[in-house]
Amino acid sequence: MKRTEVVELTNMCMVYSGDKILVQDKLDSYFRGITFPGGHVEQGEPFTDAVIREVYEETGLTIEAPRLCGVKDWMNEDGSRYVVLLYKTDQFSGTLKSSEEGEVFWIRKEELAGEKLAHDMEALLKVFMDDSLSEFRYEKTDGKWEYRLR
């Protein structure tokens, strides 16, 4: 069995303060709607450095001590794997500012349900919020994509 594969690495971070969560109204044509800041891990870049950089670029905030809380992944049609490392932190400093990625703002956890969430964000929130879950995995069954939480 082959032990190496082509992987695209990305990250996403839930920054929170008390009952408020920092969200981004993502403008991307593929992944549009309310989500958390994040982006790609550059080649050779440490994962934690990448999430700190991405949150800063998209929000103006410098996060500290991001804690890996889960993974989201799926296999692409070309056999490569797409991985999203999920982090969360309540330690940050700086002045909040939006970027070309989308507007960023604070929202109370219970208000998220009333927002237009990005694709699969409602299910993904369970991994961020429930410490007994750590994996969000897409699998194709009978030609249809379905996700499993573990």
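**Cover over α2**

I began with what lies over helix α2 in this predicted model. The buried residues of α2 are covered by elements that include β1, β3 (33-35), β6, β7, β10 and β11 (144-149). I then listed the residues being covered: Met 121, Ala 123, Leu 124, Leu 125, Val 127 and Phe 128 are buried in α2.

**Met 121**

I looked up Met 121 next, which sits in helix α2. Its relative accessibility is 2%, so Met 121 counts as buried. With residues up to four places away in sequence left out, I found Met 121 touching Met 12, Ile 34, Thr 35 and Phe 36. I also checked a pair remote in sequence: Met 121 and Pro 37 are 84 residues apart along the chain, and their C-alpha atoms are separated by 12 Å.

**The largest nonpolar core**

Which members of the largest nonpolar core touch the most other members? I noted Met 12, Phe 36, Leu 86, Leu 112, Met 121 and Phe 128, out of 25 residues in that core. At least two residues of this core come from each of β1 (7-17), β2 (20-26), β6 (67-75), β7 (81-89), α2 (121-129) and β10 (135-141). Helix α2 supplies the largest share of this core, 6 residues. I recorded another core that lies apart from this one; it has 11 residues, among them Leu 61, Ile 63, Val 83 and Tyr 87.

I took Leu 86 as a sample member of the largest core. Beyond its neighbours within four places in sequence, Leu 86 is in contact with Met 12, Leu 124, Val 127 and Phe 128, and with the run Arg 67, Leu 68, Cys 69, Gly 70, Val 71 and Lys 72.

**Leu 61, from the other core**

Leu 61 is one of the residues of the 11-residue core, and I placed it in strand β5. Leu 61 has a relative accessible area of 2% and is buried. Not counting residues up to four places away in sequence, I found that Leu 61 touches Leu 22, Val 55, Tyr 56, Phe 92, Ser 93, Gly 94, Thr 95, Leu 96 and Trp 106. For one of these contacts I took the backbone separation: the C-alpha atoms of Leu 61 and Gly 94 are 4.7 Å from each other, with the two positions 33 residues apart along the chain.

**Two polar residues**

Is Gln 24 buried or exposed? Gln 24 lies in strand β2, and its relative accessible area is 0%, so I entered it as buried. With neighbours within four places in sequence set aside, the contacts of Gln 24 include Gly 33, Ile 34, Thr 35, Phe 36 and Pro 37. Further contacts of Gln 24 are Glu 58, Ser 99, Glu 101, Gly 102, Glu 103 and Val 104.

I found Asp 120 in the loop between β9 (102-108) and α2. Asp 120 has 13% relative accessibility and counts as buried, because the cut-off is under 20%. Apart from residues up to four places away in sequence, Asp 120 touches Phe 31, Lys 72, Phe 136 and Tyr 138.

**Positive phi**

I scanned the backbone angles with a general expectation in mind. Most residues other than glycine have a negative phi. Ala 65 has a positive phi, near 50°, and belongs to the loop between β5 (61-64) and β6. Asp 142 also has a positive phi, near 50°, and its place is in the loop between β10 and β11. The relative accessible area of Asp 142 is 79%, so I logged Asp 142 as exposed.

**Whole chain**

I closed with the chain totals. I counted 2 helices and 11 strands, in the order β-β-β-β-α-β-β-β-β-β-α-β-β along the sequence. The chain is as compact as a globular protein of its length, because its radius of gyration is 15 Å and the globule rule gives 15 Å for 150 residues. The C-alpha trace spans about 50 × 35 × 30 Å along its principal axes.

How much of the chain counts as buried? I have 42% of the 150 residues. Among contacts with a separation of 6 or more, 62% are between residues 24 or more positions apart. The accessible surface is about 8800 Å², and carbon and sulfur atoms hold 48% of that surface. For charge, I noted 20 positive and 30 negative side chains, with the centres of the two sets 4 Å apart.

Definitions and conventions
Residues numbered from 1 in each chain as written. Predicted model: local features only at pLDDT ≥ 70, side-chain atom pairs only at ≥ 80, totals over all residues. Heavy atoms only, no water. Core = buried A, V, L, I, M, F, W, Y, C linked by side-chain atoms within 4.5 Å. Buried < 20%, exposed > 50% of the residue type's maximum accessible area, 1.4 Å probe, protein only. Helix = DSSP H or I, 4+ residues; strand = E, 2+ residues; numbered from the N terminus. Contact = heavy atoms within 4.5 Å. Rg over C-alpha atoms; globule rule 2.2 N^0.38 Å. Areas by Shrake-Rupley, 256 points an atom, 1.4 Å probe, with all protein chains shown as cover. Lys, Arg positive; Asp, Glu negative; His and termini not counted. Charge placed at Lys NZ, Arg CZ, Asp CG, Glu CD.
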